[in-house]
Amino acid sequence: MTIAVQFTQVSRQFGEVKAVDRVSIDIQEGEFFSMLGPSGSGKTTCLRLIAGFEQPSAGSIRIHGAEAVGLAPYQRDVNTVFQDYALFPHMNVLDNIAYGLKVKGVGKTERRARAEEALGMVALGGYGARKPVQLSGGQRQRVALARALVNRPRVLLLDEPLGALDLKLREQMQSELKKLQRQLGITFIFVTHDQSEALSMSDRVAVFNKGRIEQVDTPRNLYMRPATSFVAEFVGTSNVLRGGLALELGGSERPLSIRPEHTRLAGSEALGGDEVEISGLLHDIQYQGAATRYEIRLDNGQNFCVSQANTQWGEGAALRSTGQRVTARWARAAMVALHDIAPGADA
Amino acid sequence: MQLALDTRTAAVGGPLRRLSSLLYRKPNLYLSLLLVPPLLWFGAIYLGSLLALLWQGFYTFDDFTMAVTPELTLANLGALFQPANYDIILRTLGMAVAVSLAAGLLAFPIAYYMARYTRGKTKAFFYIAVMLPMWASYIVKAYAWTLLLAKGGVAQWFVDHLGLAPLLQLVLGIPGIGGSTLSTSHLGRFLVFVYIWLPFMILPIQASLERLPPNLLQASADLGARPAQTFRQVILPLSIPGIAAGSIFTFSLTLGDFIVPQLVGPPGYFIGSMVYAQQGAIGNLPMAAAFTLVPIVLIAIYLSIVKRLGAFDAL
């Protein structure tokens with residue numbers, strides 16, 4: 001496999017603020033790669049560095065092996081789907097899509113044919129004559145996608161493209177995007193702050209925090225084996241146990257992460273040999289349909305969350321009440337030891 | 001029930017409060033109270049007087065008695081097509097087109113810089129710098145320019161010291177542009193017009209560029225367009241409403257002006273100075289009214305051309 005985009009110790013500083021801080025990533029060709037993180041974590045800046053809208057303050061960016069630092073956006077074989085679509089308001093849909101071909105000097109007939117084809121690919125055949133203002137958000141999104149794909153880029157950059165859509169449409173677009181990516185074999189680099197979106201679509205995910213990458217891994221590893229407490233808490237929810245508790249349950253100073261759904265409230269049965277437990281006061285019960293969440297206040301004052309599937313009618317929430325003393329139990333193997341990066345340290 | 005009773009008692013408070021709740025309940029009444037006075041003003045004072053004036057264009061002027069009689073005639077409109085009058089119209093039209101083009105070319109870079117590269121204090125500085133000349137009296141500025149452009153004036157001094165005097169003589173020798181000195185040439189008149197109307201071109205273009213989302217330019221570059229292509233395909237089409245608005249100002253202001261043509265440039269009437277002469281010195285109000293119709297018709301034609309070119313599609 002060849003590397004589509006390679007960051008080597010890339011930094012981008014805006015005045016005093018380090019938006020991107022010594023980031024190194026290898027994004028493989030044909031991969032669906034997500035950049036996940038809260039706002040201001042540097043993920044969008046990384047995308048803009050690949051597109052060429054920003055230039056790095058330090059480091060090297062290679063696109064398909066060629067150094068890209070110093071190249072203008074129009075000199076790069078990448079295309080972007082913008083967060084707010086950035087469709088040209090004075091052109092109709094077909095002209096918007098054909099724009100990239102037009103400025104590269106592709107002839108009118110071929111341009112038209114390829115634009116129509118791209119329009120069909122995003123299921124908007126027949127909408128070519130409309131102006132962007134006459135389209136719904138979801139349709140504009142598809143036009144923006146077709147406008148980028150018609151150029152047959154080797155890398156497609158997507159900047160939170162689904163952020164403005166409502167939930168149903170977003171889920172539909174997620175699976176369509178994933179299907180399109182498999183079908184075309186183009187490298188997709190997808191920026192999002194929505195962890196479930198990143199998990200469900202990506203081959204690999206890079207988790208950003210304060211300009212640094214905390215972990216790059218497959219969705220499954222990211223969730224099951226988070227490297228740092230930030231990843232453990234940002235991707236899904238997690239109980240992170242530190243200090244004395246970590247020492248007692250894990251045998252070392254390293255913080256421990258345990259997912260709420262990997263724990264259960266213990267009944268009267270005996271503790272298994274490969275299990276650990278912790279007890280505290282039950283102070284909140286949230287019925288969530290598929291599962292019930294129990295918030296437990298541990299003796300050291302920390303909150304601990306247990307999530308149990310509501311498998312049978314009558315089981316679960318009805319059996320417990322707040323104020324009770326309860327015990328949470330889980331398999332030792334479900335715990336993950338984290339190694340947090342100290343702030344400012346070299347990874 | 002209690003709540004409904006409470007709001008009713010609140011409604012019958014003082015007379016002012018009763019009025020305000022009446023206006024609240026009847027939004028159309030509120031709207032018409034707001035709109036009727038300005039609409040009356042606009043309708044009666046602007047359009048009414050303009051129509052009354054144009055109507056006078058159909059009255060008869062007696063050359064002998066110098067009296068206007070309300071007998072309707074098309075003679076005044078017909079007289080516009082006499083060679084002498086037709087020349088005036090063409091001369092004014094040519095100047096208006098030239099001034100609009102030059103103002104557009106000069107204004108665009110300034111407007112672009114203001115809209116895209118300035119922030120805060122710098123932007124305020126540019127606004128003031130553009131509008132400052134408009135604060136000074138128009139006639140004073142026009143007079144000042146007659147001195148600047150006169151023989152022995154500042155412009156002449158610069159030209160001499162730059163060794164461009166022969167070039168200036170050559171330019172002034174071109175018929176239709178030149179004249180004996182800069183201040184009595186068509187070129188000088190053109191310079192003064194461009195100077196006076198430039199702010200009216202800069203501000204609308206600047207406003208249209210201000211509305212242009214920066215990510216459209218990024219999208220264009222991302223799709224492979226070089227900066228020149230982005231300018232032609234995205235920036236220029238989207239700023240055309242601003243250019244059109246600015247050119248309507250420069251075009252119509254030049255068409256109607258009667259002071260600059262008298263102070264700067266060679267002798268010969270412009271539409272504005274012709275209207276002034278007809279109704280002032282001669283007292284031929286019907287002919288003045290007929291001339292007034294010309295800029296209105298020309299601007300209507302200009303607007304329909306601009307519209308046909310698609311200038312307002314992006315609005």
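## Contact between chain B and chain A

About 1,800 Å² is buried between chain B and chain A, and carbon and sulfur atoms account for 61% of it. On the chain B side, the elements that each give two or more residues to the surface touching chain A are α11 (214-222) and α12 (227-256). That side of chain B is made up of 10 nonpolar, 7 polar and 3 charged residues. The model is a predicted one.

In terms of residues, chain B brings 20 to the contact and chain A brings 25. There are 10 residue pairs in polar contact across the interface of chain B and chain A, both residues being at pLDDT 80 or more. Salt bridges between chain B and chain A number 0.

## Two domains in chain A

Chain A splits into domain 1 (3-231) and domain 2 (238-337). The C-alpha centres of these two domains of chain A are 39 Å apart.

## Where the domains meet

Within chain A, 6 residues of domain 1 are in contact with 9 residues of domain 2. Domain 1 and domain 2 of chain A bury about 630 Å² between them, with 46% coming from carbon and sulfur atoms. Which residues of domain 1 lose the most area to domain 2? They are Tyr223(A), Arg225(A) and Ser229(A), which together make up 65% of what the domain 1 side buries.

The two domains of chain A share 4 residue pairs in polar contact, both residues at pLDDT 80 or more, and 0 salt bridges. Helix α7 (residues 219-224) of chain A gives the most to the domain 1 side, with 3 residues. By class, that side of domain 1 has 4 nonpolar, 1 polar and 1 charged residues.

Technical notes:
Residues numbered from 1 in each chain as written. Chains lettered and ligands numbered in written order. Predicted model: local features only at pLDDT ≥ 70, side-chain atom pairs only at ≥ 80, totals over all residues. Heavy atoms only, no water. Contact = heavy atoms within 4.5 Å. Buried area = accessible area lost by both parts, 1.4 Å probe. Salt bridge = Lys/Arg side-chain N within 4 Å of Asp/Glu carboxyl O. Polar contact = N/O pair within 3.5 Å; in protein donor to acceptor, adjacent residues only side chain to side chain. Helix = DSSP H or I, 4+ residues; strand = E, 2+ residues; numbered from the N terminus. Nonpolar A, V, L, I, M, F, W, Y, C, P; charged D, E, K, R; others polar. Domains from an automatic or database assignment.
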